[in-house]
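Thanks for coming. I will walk through one structure this morning, part by part, and then stop.

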Amino acid sequence: MTEMMRAVEISKPGGPEVLQLCQRPVPQPGHGEVVIKVAYAGVNRPDALQRAGAYDPPKGASDLPGLEASGEVVAVGAGVSGIAAGDQVCALLPGGGYAEFVATPAAHCLPVPAGLDLKQAACLPETFFTVWSNVFARGGLKAGERFLVHGGSSGIGTTAIQLAKAFGARVFATAGSEEKCQACLDLGAERAINYRDEDFVKVMRDEGGADLVLDMVGGDYIPRNVKAMAEDGRLVQIAFLQGPKVELNFALMMVKRLTLTGSTLRPQSDLAKAQIARDLREAVWPLLEAGRVAPVMDSEFALADAAAAHARMESSGHIGKIVLKVG
């Protein structure tokens, strides 16, 4: 391996233009870690939050953005078993994905599913770890339940629709255009709600209420979610695109016996993320290999064009995942 690599760093907090190419030392694997020669890196909302100065990386993590990547393992640290140099993997990263090489815990790596290429595999970790841990582990979604996912055409949304459908739930999704609503229907949603001219609260109440809501919007969606939920419903909050502070009547929570919860993925322990990886390999990787679930691709940008990739994501015009071609 070379000693230096190309990477994209955040030169200062700000808009997409602050992302700049740089040279950095190639990372070395620590105990329990591997180094991956990156082929593709996924672009995600937390990358944009970090770039804007609103989401600091965890202690000890790379300051470079990038929370998922695919590529070839080129170095293996002490204490690693079951993975070797030459293996093709995709991985959840603590940071550092916008680079030619990245180090990450070996337990957060998964094999590239049979039938998928490295570009598709780079789209899996961040969204599939997030959806599995929040919709199924935390939210407890069961077959036959009514599941409402906001932002149905996003990377998270397209993944949540497919997985919920595959496990037998009735899926409802919100999106902001007819094209995006059609994409949700094509992926298996029973009903796609254009939030610009329909009220999701009324739609869900007419259906009997949502048993589970996955929300990344926040703001005034939070009290509306509570109104849209069925008795014993669960709300799982994973982001706040419209802000985390809101006035909420908690009496409805008591009357309907609701559960309000949420999580973030990045600050969780290495052990917790390793458990999610094991669950995915057992329950979800067979669905990917059978073609029942697949990442939805929006666009590809060169590593040097990371700023354009961020501008694309923040325009909210995309459907599915955006990736950077690195290798």
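**Helix H7 and its surroundings**

In helix H7, the buried residues are Tyr-221, Ile-222, Pro-223, Asn-225, Val-226 and Ala-228. Before going on, please note that this is a predicted model. H7 covers residues 221-228, and six of its eight residues are buried, so the helix is mostly covered, with buried meaning under 20% relative accessible area. What do those buried residues pack against? They pack against two helices, H6 (200-206) and H8 (251-256), and against the strands E11 (210-215), E12 (229-237) and E13 (259-262).

**The sheet**

Some of those strands belong to a sheet, which comes next. The sheet is open and has six strands, in the order E10-E9-E8-E11-E12-E13, with parallel pairing. Which strands stand at the edges? They are E10 (191-194) and E13; each has a single partner strand, so one side of each is left without a neighbour in the sheet. On average, and ignoring direction, neighbouring strands here are turned by 20° against each other.

At the E10 end, strand E9 (residues 170-175) runs parallel to E10 and is joined to it by four bridges. Thr-174 has Ile-193 in E10 as its bridge partner. Helix H4 (residues 155-166) packs on the sheet, where it touches E8, E9 and E11. The direction of H4 makes about 170° with that of E8. Helix H5 (residues 178-187) lies across E9 and E10, and runs at about 165° to E10.

**Salt bridges**

Now the charged pairs. How many salt bridges does a search of the whole structure find? It finds 15. I will take a few of them.

One is between Glu-300 and Lys-119, with the closest N and O atoms 2.9 Å apart. This pair links distant parts of the chain, 181 residues apart: Glu-300 is in strand E14 (residues 297-302) and Lys-119 in helix H2 (residues 118-121). Glu-300 is partly exposed, at a relative accessible area of 35%. Lys-119 is partly exposed too, at 25%.

Another joins the side chains of Arg-234 and Glu-145, at 2.8 Å from N to O. Arg-234 sits in strand E12 and Glu-145 in the loop between helix H3 (125-138) and strand E8 (146-149), so this pair ties together parts that are 89 residues apart in sequence. Are these two residues buried or exposed? Both Arg-234 and Glu-145 are buried.

Glu-198 and Arg-191 also form a salt bridge, with their closest N and O atoms 2.8 Å apart. Glu-198 counts as partly exposed at 29% relative accessibility, and Arg-191 is partly exposed with a relative accessible area of 29%. There is also a network: salt bridges that share partners join Glu-9, Arg-24 and Asp-63.

**Glu-289**

The last stop is a single residue. Glu-289 is found in helix H10 (residues 285-289). Why does Glu-289 count as partly exposed? Because its relative accessible area is 45%, and partly exposed runs between the 20% and 50% limits.

What does Glu-289 touch, leaving out residues up to four places away in sequence? It touches Pro-113 and Ala-114. Pro-113 is 176 residues from Glu-289 along the chain, and the C-alpha atoms of the two are separated by 5.7 Å. With Ala-114, a polar atom of the Glu-289 side chain lies 3.0 Å from the backbone nitrogen.

That is the end of the walk-through.

How values were computed
Residues are numbered from 1 along each chain as its sequence is written. This is a predicted model: local features need pLDDT of at least 70, side-chain atom pairs count only at pLDDT 80 or more; totals for chains, interfaces and linings use all residues. Side-chain values use heavy atoms; hydrogens and water are left out. Buried means under 20% relative accessible area, exposed over 50%, partly exposed in between (1.4 Å probe, protein chains only). Contact means heavy atoms within 4.5 Å. A polar contact is a pair of N or O atoms within 3.5 Å; within protein, one must be able to donate a hydrogen and the other to accept it, and residues adjacent in sequence count only if both atoms are side-chain atoms. A salt bridge is a side-chain nitrogen of Lys or Arg within 4 Å of a carboxyl oxygen of Asp or Glu. Two strands pair if DSSP finds at least two bridges between them. Axes are lines fitted to C-alpha atoms, for helices over the stretch in contact, and angles run from 0 to 180 degrees between N-to-C directions.
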